[in-house]
Amino acid sequence: MTGRWVIHLPITASDLMRARILARTAARVLTRLSGRVEPGGVTVSTEDQQDVRHWVFCDRLLPEGRGRCVLAVDHTSRCRPRPPGARRC
C-alpha cells in the first residue's frame, strides 16, 4: 500500500479545554522534532465519540500566501502566521 500514513496518538484529558491545550503543546513539540507533523490537522474527541472531532488550531489560510494561522481555534485576535525561521510542517 502506498501513500501517507497517519499516526493517531491517544492521550487523555479531563475536559475539552485541557485536551486542546495538551494537543497544542504536543503538536508544537513534535513539530520541532519533525517537519512531517501537520499541526493544523490536530483534533480532539471524547473517548466514546471519536468520530465527533474538535479542531485545535485555527489553520485559516492567510492572505497573500503568508501560510496558515497558528493560533488556537477559538482565538479572538487577528490570525497570525508562523514566525519567520520556524520550521514549516
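The paragraphs below walk through a predicted model of a protein chain, from its overall layout to a few individual residues.

The overall layout is a good place to begin. The protein chain contains 1 helix and 2 strands, and these elements follow one another along the sequence in the pattern α-β-β. Of its 89 residues, 22% count as buried. As for how the chain meets itself, 29% of the contacts between residues at least 6 apart in sequence join residues at least 24 apart.

Next comes the interior. Seen from the side chains, the largest nonpolar core has 7 residues, namely Ala19, Ala23, Ala27, Val42, Val44, Val56 and Phe57. Helix H1, which spans residues 16–33, gives the largest share of this core, with 3 residues. Val56, one of the core members, offers a helpful view of the surroundings. Once its neighbours within four places in sequence are set aside, Val56 is in contact with Arg20, Ala23, Arg24, Val42, Thr43, Val44, Ala72 and Val73. Among these partners, Ala23, Val42 and Val44 also belong to the largest nonpolar core.

The model also has open space to explore. The largest pocket holds about 1500 Å³ of space. It is lined by 33 residues, and those closest to its centre are Ile7, His8, Leu9, Val42 and Thr43. Val42 is thus a name to remember, being listed both in the largest nonpolar core and among the residues closest to the pocket centre. Helix H1, strand E1 (43–46) and strand E2 (49–55) each supply at least two residues of the lining, and the largest share, 7 residues, comes from H1. By character, the lining divides into 18 nonpolar, 9 polar and 6 charged residues.

The cysteines deserve a look of their own. The count of disulfides in the model comes to 0. Cys69 is in no disulfide, and the nearest cysteine sulfur, that of Cys79, is 3.7 Å away. Cys79 is likewise in no disulfide, with the sulfur of Cys69 as the nearest at 3.7 Å. The pair is not counted because a disulfide requires the two sulfur atoms to lie within 2.5 Å. The surroundings of the two residues can be set side by side: Cys69 is buried, with a relative accessible area of 2%, whereas Cys79 is partly exposed, at 24%.

Gly40 sits in the loop between H1 and E1. Its relative accessibility is 12%, so Gly40 counts as buried. Apart from its neighbours within four places in sequence, Gly40 is in contact with Trp55, Phe57 and Asp59. Phe57 ties this loop residue to the largest nonpolar core, being a member of that core and a contact of Gly40. The C-alpha atom of Gly40 is separated by 8.2 Å from that of Arg68, a residue 28 places away along the chain.

Asp59, one of the contacts of Gly40, has a backbone feature worth pointing out. Its phi is near 65°, a positive value in a residue other than glycine. Glu64 shows a positive phi too, near 60°, and is again a residue other than glycine. Asp59 lies in the segment after E2, and Glu64 is found in the segment after E2 as well. Their accessibility sets them apart: Asp59 is partly exposed at 23% relative accessibility, while Glu64 is exposed, with a relative accessible area of 76%.

Technical notes: Residues numbered from 1 in each chain as written. Predicted model: local features only at pLDDT ≥ 70, side-chain atom pairs only at ≥ 80, totals over all residues. Heavy atoms only, no water. Core = buried A, V, L, I, M, F, W, Y, C linked by side-chain atoms within 4.5 Å. Buried < 20%, exposed > 50% of the residue type's maximum accessible area, 1.4 Å probe, protein only. Helix = DSSP H or I, 4+ residues; strand = E, 2+ residues; numbered from the N terminus. Contact = heavy atoms within 4.5 Å. 1 Å grid on protein atoms, 1.4 Å probe; cavity = no way out; pocket = protein on both sides within 12 Å on 5 of 7 lines; lining within 4 Å. Points joined across faces, edges and corners; volume = space filled by probe spheres on them. Nonpolar A, V, L, I, M, F, W, Y, C, P; charged D, E, K, R; others polar.
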